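Here are some friendly notes to go with the model, in the form of numbered points. Please keep the viewer open while you read.

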Amino acid sequence: MTLAASHKIVITFSIGPQRLAIPATDLREIIDPLPTTRVPGAGDFAPWVVNVRGAVLPLGDLRLPLGINDPNPAERPEDARRFLVLEAVIGGEPTTVAVMADIVHEVATIPSKSIEPLPATSMWPSEFVEGLFKGPEGEFVLIPDLSAIFTAMAQRAAVA
Amino acid sequence: MSDDLIAVFQEELVELLESLERGLVDLQESPEDAGLINQVFRDLHTVKGSGAMFGFTDLAAFIHDFETAFEKVRAGAVPVTPELVRLGLAARDQIPGLVNGDADPDGDRVAILNALRDLTSGGGVAAADIDDEIEAEAVTSNAPATLRFKLSEDALALGARPDILLSELKDLGATQIVADLSDIPALDDLNADQCYVAWQMQLPAGVAEGDVEDVFMFADADWTLTATEVNEVVERDEIDDLLSEAPALDTPAPQQQAPSDKAPAATEPAASIRVPAARLDALMDSVGELVTVEARLTELARHSRDPALLSTAEEVTRLAARLRDATMTMRMVPMRTLVSRFRRLILGLSSDLGKPVEFVVDGEDTELDKTVIEKLADPLVHILRNAIDHGMEDPAARAQTDKDHVGRIELSATHVGGEVHIVVRDDGRGMSADKIRAKAIERGLITSEAQLTAGQVFALVLEPGFSTAETITELSGRGVGMDVVRRTIEGLRGVIEIDSKLGQGTTVTLRLPLTLAIIDGLLIEIADERYTLPMSSVKEIFELPLDKRIASRNGDYLDIRGQFVPFVRLRHLFDCEGEPPTEQNVVVVESGDARMGIVVDRIIGTNQTVIKQVSKLQQGARAISGATILGDGTVSLIVDVAQLLAMSGPLIEPKKEVAA
């Protein structure tokens with residue numbers, strides 16, 4: 001993803017205590033949680049499938065690839081949960097996937113120059129994070145590299 | 001017409017015939033006598049006219065032709081010869097028979113008329129003298145004409161017979177005779193002696209105005225003959241009527257078609273239409289969605305218990321199934337579309353490699369889903385190439401065997417249950433299981449301790465990067481090998497099996513599903529999760545015996561009618577939590593030669609299953625070939641029976657020991 005443009009429109013959401021942002025162009029829709037179907041042996045990255053208007057989509061969990069640890073999952077309000085339907089490129093092919101979010105915050109326009117690369121020493125896996133910026137409350141907002149995450153998932157799935 | 005009148009006619013006829021005979025005999029003596037010629041002509045004309053009037057149409061027609069010949073004599077175009085007189089007398093002798101209605105079994109009359117015509121037509125040299133009527137005939141003979149006639153007011157009273165006129169016109173070839181009743185007055189004004197009906201008809205090309213004139217010779221009628229384009233006059237439905245009435249018109253048509261193998265295709269060009277494949281795909285997608293929605297509707301109807309809704313849902317189910325079947329049939333394409341390509345390939349390779357090969361194809365008419373056929377082309381090309389390039393011995397090597405010097409490669413396609421089996425068999429050198437095994441160990445694909453069946457050993461050539469060819473040729477053995485083939489076949493939910501006997505040849509079997517889009521599924525439940533089994537692989541279902549509830553340490557087997565069948569517990573396989581219910585069911589599935597039982601909590605029922613691919617993210621899923629959407633909108637995974645059997649391979653192995 002190029003950060004050339006002066007501003008970026010992103011969707012911000014949270015998984016556990018971590019705030020994340022994805023480019024609005026990657027987002028297809030935000031939907032209420034749907035009944036999920038467990039896929040035995042599919043691994044922890046995308047352990048379920050959901051029916052999004054007739055299409056069977058894998059439902060991903062970004063906690064594992066991004067190393068997000070939620071000490072108090074019970075605190076997350078049930079009715080704030082959403083599924084984000086995203087377009088990502090997996091192994092060169094455009095693919096639609098859904099990911100879970102505990103809460104979706106807002107559509108934000110951020111100056112491109114406020115996005116910084118991941119510090120060399122950080123708790124986040126650098127291969128899955130494109131950059132981060134400082135949110136309104138001073139916390140770090142991660143921009144995950146969805147294509148890298150999903151491609152890695154697919155490779156792990158193929159090996160499994 | 002009364003018998004009296006006929007008696008009068010016959011008396012008159014005797015006189016006329018005597019006059020005719022005399023005239024002809026005299027003509028032989030003095031052929032130049034125009035008076036005699038005219039007398040003969042007049043006699044003939046009178047016999048014809050009277051005959052027609054009294055209903056002797058055969059006689060009238062016969063004399064008409066007789067008269068035509070003598071018209072030329074009268075015009076001076078044809079000289080009177082002894083032969084002409086002889087024929088004239090012979091013709092005259094036929095007239096009593098015609099009047100009596102005698103049959104003409106030997107065709108004498110026709111022979112006489114033909115001879116007369118031949119004799120007189122040669123005299124056309126005197127073109128300048130040709131009679132007006134003959135000229136008119138030449139002009140009008142090319143175009144079909146429309147004839148309208150209406151008898152004059154007193155014609156009926158004078159003895160005119162419209163039925164005879166019509167039958168004479170019919171003899172001239174008149175068709176589509178239509179009566180015009182528009183002039184018939186009200187009953188009070190009707191004069192019973194007057195004919196108010198007018199007639200219109202089509203006369204074929206070749207009918208001269210003179211011919212028509214002859215018909216109306218003794219009837220006082222207004223008639224018009226106009227040469228017209230048939231198309232302008234004849235309306236479409238009239239032609240249809242005509243065709244249905246006159247099937248004889250149709251019969252020459254088939255003779256025009258050259259008898260050939262292509263004939264059936266040529267005769268029904270309108271029976272098939274070409275449709276862009278994309279439209280069929282779009283139709284299939286819509287049908288797929290319809291089936292899903294139909295499942296939801298059925299579910300809702302069942303919950304509502306509303307009889308009207310239930311019956312409507314049932315109807316929709318039936319229609320959706322019919323639509324599904326029709327759509328799938330539409331997408332079916334015979335193998336033949338691929339085979340011609342293969343023939344050329346084999347021919348080319350055979351001459352390039354100097355290995356004479358006979359290519360035998362069986363089951364070209366076997367149909368497969370269009371998508372399957374398209375995707376099958378490349379793998380089959382690869383397999384066929386292998387068969388001739390690696391499989392076939394060189395002619396020199398082959399000469400040392402007792403095999404025919406021409407190699408044989410067979411391609412066959414057959415329907416087996418819900419699958420299509422495509423088999424490529426060659427009678428080449430075959431593969432050595434030991435060699436493959438050694439190579440696989442060398443490449444680290446298997447350990448030297450691995451216990452493999454023959455089938456499993458041969459399956460090793462499908463592994464990526466495995467190639468047994470010692471020399472890499474132009475055509476095959478460059479690494480892009482059988483692993484690509486396997487991936488394609490598996491992508492089609494198919495299975496590839498290899499069998500080989502050293503020195504005798506190799507057989508590659510592709511087992512493919514009939515269709516990719518929709519299957520009949522058996523919905524089952526384990527631990528509140530619902531899965532779908534492809535109905536085509538389900539053989540039987542029964543209750544799990546209570547003594548088998550607890551997993552056995554020696555592996556689980558069922559005794560099904562004396563046969564030991566291993567079974568797996570889907571709960572274990574899919575890592576389900578909780579305790580199984582007291583009563584469980586076993587679904588016996590079959591794939592290829594292997595058979596096994598699958599223990600499930602509960603059977604829910606059968607449903608039409610629209611197959612959705614699972615994403616690459618979930619390729620690691622165990623024994624899952626796809627997903628489908630159930631009536632309540634949730635997703636059910638489709639169990640891959642073949643993979644399940646493969647996974648349980650070690651379980652199947654001891655079966656033989658138990659059975660032995």
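1. First, a convention: helices (H or I, at least four residues) and strands (E, at least two) are DSSP runs, numbered from the N terminus. With that in hand, B:R561 sits in the loop between β15 (557-560) and β16 (563-569) of chain B. B:R561 has a positive phi of about 45° although it is not a glycine. The residue counts as exposed because its relative accessibility is 68% (buried means under 20% relative accessible area, exposed over 50%, partly exposed in between, with a 1.4 Å probe and protein chains only).

2. A word on provenance: this is a predicted model, in which local features need pLDDT of at least 70 and side-chain atom pairs count only at pLDDT 80 or more, while totals for chains, interfaces and linings use all residues. Residues are numbered from 1 along each chain as its sequence is written, chains are lettered from A and ligands numbered from 1 in the order in which they are written, and side-chain values use heavy atoms, with hydrogens and water left out.

3. Now chain A. Its average pLDDT (the predictor's confidence in each residue, from 0 to 100) is 85, and 94% of the residues score at least 70. Among the elements of chain A, strand β3 (residues 27-31) has the highest mean pLDDT, 93, and helix α2 (residues 146-159) the lowest, 76. Chain A has 2 helices and 11 strands, in the order β-β-β-β-β-β-α-β-β-β-β-β-α along the sequence. Of its 160 residues, 48% count as buried.

4. Another positive phi is worth a look: B:D575, also not a glycine, has a value of about 55°. B:D575 is in the loop between α21 (570-573) and β17 (585-591) of chain B. Its relative accessible area is 42%, so B:D575 is partly exposed.

5. Is B:F466 buried or exposed? It counts as buried, because its relative accessibility is 8%. B:F466 belongs to the loop between α19 (454-459) and α20 (482-491) of chain B. Leaving aside residues up to four places away in sequence, B:F466 is in contact (heavy atoms within 4.5 Å) with B:I436, B:K439, B:A440, B:R443, B:L445, B:L460 and B:V461. B:A440 is 26 residues from B:F466 in sequence, and their C-alpha atoms are 7.7 Å apart.

6. For a buried residue in a helix, take B:T371 in α16 (residues 370-391) of chain B. It counts as buried because its relative accessibility is 17%. Its C-alpha is separated by 9.0 Å from that of B:M332, 39 residues apart along the chain.

7. The second largest pocket may interest you. On a 1 Å grid over the protein atoms alone, a pocket is an open set of points with protein on both sides within 12 Å along at least five of seven lines, and lining residues have an atom within 4 Å of a point. The second largest pocket has a volume (the space filled by probe spheres set on the points, which are joined across faces, edges and corners) of about 1000 Å³. It is lined by 42 residues, and the closest to its centre are B:K48, B:H64, B:L172, B:D211 and B:D214. Helix α3 of chain B gives the most to this lining, with 11 residues.

How values were computed:
On a 1 Å grid over the protein atoms alone, a cavity is a set of points where a 1.4 Å probe fits but cannot get out, and a pocket is an open set with protein on both sides within 12 Å along at least five of seven lines; lining residues have an atom within 4 Å of a point.
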